[in-house]
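Colleague: I am new to this structure and would like a close look at a single part of it. Please take one helix and then the ligand site, and keep to what the model shows.

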Amino acid sequence: MSDLIWVYAEVVEERISTTTLEMLTKAAELGAAEAVLLGPAPDNAVATLGEYGARKVYRSADSVFADYLTAPAADAVAALIEKHKPAVMLFASSYAGRDLAAALSARFDSGAIADVGDFILKDGSVEATIPALGGSYQNTSTLVSPGTKLLLVRPKSFEPAQRPQTPQVEEVPAPASAEAKRIRVTQRVTVKPEGPQLEGSNVVVSGGRGLKAPEHFEMLKQLAELLGGAVGATRAVVDAGWVPYSMQVGQTGKTVKPNIYIACGISGAVQHLAGMKASKTIISINKDPEAPIFKFSDLGIVGDVFQVLPQLLEELKKRKGK
Amino acid sequence: MNIIVCAKVIPASSVIIELDPAAKTMVRKGVPHELDPAAASALEEALRLTEKQGGTVTVLTMGIADAVIGIRSALAMGAHSAIHVLDDAVAGSDTLGTAKILAAVIKKENPDLVLCASESSDSYSGIVAGQLAWLLGIPALTFAKEIAVDGKKVTIKRQSLTGYDVCESELPALIAVASGINEPRYPQLKGIMAAKKKEIKKYTAADLGLGADQVGAAGAKEKVLSIGRPPARAAGKIVNDEGEGGKQIADFLAELKVI
Ligand SMILES: Cc1cc2nc3c(=O)[nH]c(=O)nc-3n(C[C@H](O)[C@H](O)[C@H](O)COP(=O)(O)OP(=O)(O)OC[C@H]3O[C@@H](n4cnc5c(N)ncnc54)[C@H](O)[C@@H]3O)c2cc1C
Ligand SMILES: Nc1ncnc2c1ncn2[C@@H]1O[C@H](COP(=O)(O)O)[C@@H](O)[C@H]1O
């Protein structure tokens with residue numbers, strides 16, 4: 001019998017999240033993939049999970065899962081795990097995913113492995129690869145506790161691939177205890193990001209503190225436009241309030257894996273690298289020849305962004321006949 | 001309101017982290033340490049809350065003897081007292097082991113509010129806070145970008161992928177702050193002097209009633225099998241800008257058929 005591997009499915013912006021599909025793909029590759037989907041979701045959500053290999057979906061559309069943080073989902077998932085005993089359960093390293101895996105790992109006294117970049121099943125447990133400290137070193141870890149192995153998976157660790165199934169659907173009872181309703185979500189606020197979004201962009205042009213002031217991000221917007229890409233940023237400039245958090249690339253921001261990543265005035269701190277190191281081609285501009293970003297660059301220009309970028313923009317406009 | 005801030009003390013950010021492949025850990029002994037900047041943000045929130053509403057702030061650190069330097073900076077920032085879990089038996093604890101130790105201390109102290117950083121800056125598993133809250137049986141409000149406490153009610157703005165969620169709960173609770181929530185204050189001379197006189201209570205695992213099978217490397221559910229450097233990326237071309245840097249990038253993009 002193949003190993004039962006569960007994926008905790010999340011909905012982001014009205015769609016099953018990309019990380020969910022990445023994890024499902026991996027689960028279906030290694031064993032029998034099943035998904036748990038709790039709370040409101042779009043009509044085609046179950047079908048989407050099936051397309052990416054889920055042969056069964058545990059489902060509740062109850063709003064308790066959206067109205068209260070963590071506990072309702074933790075109770076429901078704990079009951080499901082006790083009943084079906086999957087070998088492994090995968091969670092995205094997202095806000096909800098981390099809270100849920102944390103609660104379950106304490107509840108089952110099982111521990112959990114965080115920040116997993118890859119894993120295999122081995123000797124009745126898992127062997128997970130963790131690209132620690134932004135990939136500057138790499139661990140392999142296992143869980144020695146009995147029972148379901150809980151893993152938190154980094155986004156963009158696996159390539160999503162379709163493996164169509166018509167999933168069987170099992171209704172999940174929604175917890176109703178007062179105990180499960182201790183953290184109420186009273187409002188969800190969307191901060192509307194402008195311009196093309198980082199996720200799924202083929203080209204990402206990012207800026208750091210070397211750009212000196214928020215208005216200089218205009219150059220990056222132009223560059224991104226010319227290349228059909230999106231603009232990203234480091235946490236340093238997000239924390240400084242130059243650009244919104246939705247643009248942050250890195251360990252505590254978005255993980256991107258574009259064909260081309262252009263880093264402008266970015267030092268290449270491990271936490272930034274964590275979010276972009278897997279890009280296919282990395283180009284960087286930095287005036288410090290010792291900047292760590294150069295160690296990860298396919299082309300590095302040691303120079304001033306205020307010289308190099310305007311020339312690049314000129315050149316691109318010329319070549320595109322604009 | 002009495003607050004405990006769980007603050008990790010970590011190898012200073014200026015230090016290149018060395019690995020000990022035999023012990024399968026980062027080298028912590030003998031390198032300069034500092035208060036985790038993420039923990040400093042949690043402490044800053046705690047200080048602001050007690051400055052407004054009264055109460056005390058206790059910092060809680062599990063760490064090696066060198067961690068004292070970070071505990072002192074927390075005291076110099078304004079924490080009233082500190083607790084240091086210092087014991088060779090806790091070395092090598094995994095996330096859950098760490099949470100158990102912190103929980104054992106916190107149960108003794110019985111605070112109204114526990115503050116953590118959502119992620120520590122050196123290991124950033126981002127799950128210790130959630131595990132700790134579960135062990136304490138209190139709600140975990142994580143990834144907080146803004147905190148308000150009104151009587152027994154706590155409200156946070158919680159970071160989301162698309163903006164933020166407003167969440168509320170009742171004390172006692174645990175709040176884990178998101179990075180960038182504030183600009184932590186620098187210790188002033190007066191604070192640094194005062195810190196020297198503040199108490200640092202010390203506990204061992206045994207003091208906390210925790211057996212060796214529950215904590216440290218022996219009690220860890222997560223076992224590190226190996227630790228090493230990932231394969232290096234092939235070296236790229238690094239050129240000095242001699243006035244042609246922009247053109248060189250454009251040529252490279254053309255080669256890659258992006259333009
Ligand atoms: C827990 C934790 C999580 C974090 N998460 C993230 C994250 O998700 N994403 C992230 O990005 N960071 C993150 N960080 C922060 C990270 O450690 C760095 O502080 C940050 O990435 C630095 O941003 P920067 O490169 O813009 O700034 P700096 O490190 O200050 O670098 C600026 C660079 O610009 C160059 N420069 C200056 N002027 C010019 C010029 N005129 N022309 C060309 N180059 C110039 C300088 O040489 C320098 O290399 C995190 C930190 C912690 C502790
Ligand atoms: N050794 C420790 N001592 C005190 N607090 C800790 C320790 N380890 C983790 N924490 C707390 O748990 C948070 C999350 O840590 P982590 O799960 O490692 O990202 C930290 O920011 C601290 O608030």
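Modeller: The model is predicted. In chain B, helix α4 spans residues 128-136, and its buried residues are Ala129(B), Gly130(B), Gln131(B), Leu132(B), Ala133(B) and Leu136(B). These buried residues pack against elements of both chains: from chain A there is α5 (95-107), and from chain B there are β1 (3-6), α3 (95-109), β8 (113-117), β9 (140-150) and β12 (173-177). After α4(B) comes Gly137(B), which has a positive phi, near 70°.

The helix also leads to ligand 2, since residue Val128(B) has a polar backbone atom 3.1 Å from an oxygen atom of ligand 2. Ser120(B) also places a polar backbone atom by an oxygen atom of ligand 2, at 2.8 Å. For Ala117(B), a backbone N or O atom lies 3.1 Å from an oxygen atom of the ligand. On its own, ligand 2 exposes 490 Å², of which the protein buries 97%.

The shell around ligand 2 holds 19 residues, and the closest are Cys6(B), Met62(B), Ser120(B), Ser125(B) and Gly126(B). Sorted by class, the shell has 10 nonpolar, seven polar and two charged residues. In chain B, β6 (57-62), α3 and β8 each supply at least two of the shell residues. The largest share, three residues, comes from β6(B). Two of these elements appear in both parts of the picture: α3 and β8 of chain B contribute to the shell, and the buried residues of α4(B) pack against them.

Note on methods:
Residues numbered from 1 in each chain as written. Chains lettered and ligands numbered in written order. Predicted model: local features only at pLDDT ≥ 70, side-chain atom pairs only at ≥ 80, totals over all residues. Heavy atoms only, no water. Buried < 20%, exposed > 50% of the residue type's maximum accessible area, 1.4 Å probe, protein only. Helix = DSSP H or I, 4+ residues; strand = E, 2+ residues; numbered from the N terminus. Contact = heavy atoms within 4.5 Å. Near = heavy atom within 4 Å. Polar contact = N/O pair within 3.5 Å; in protein donor to acceptor, adjacent residues only side chain to side chain. Areas by Shrake-Rupley, 256 points an atom, 1.4 Å probe, with all protein chains shown as cover. Nonpolar A, V, L, I, M, F, W, Y, C, P; charged D, E, K, R; others polar.
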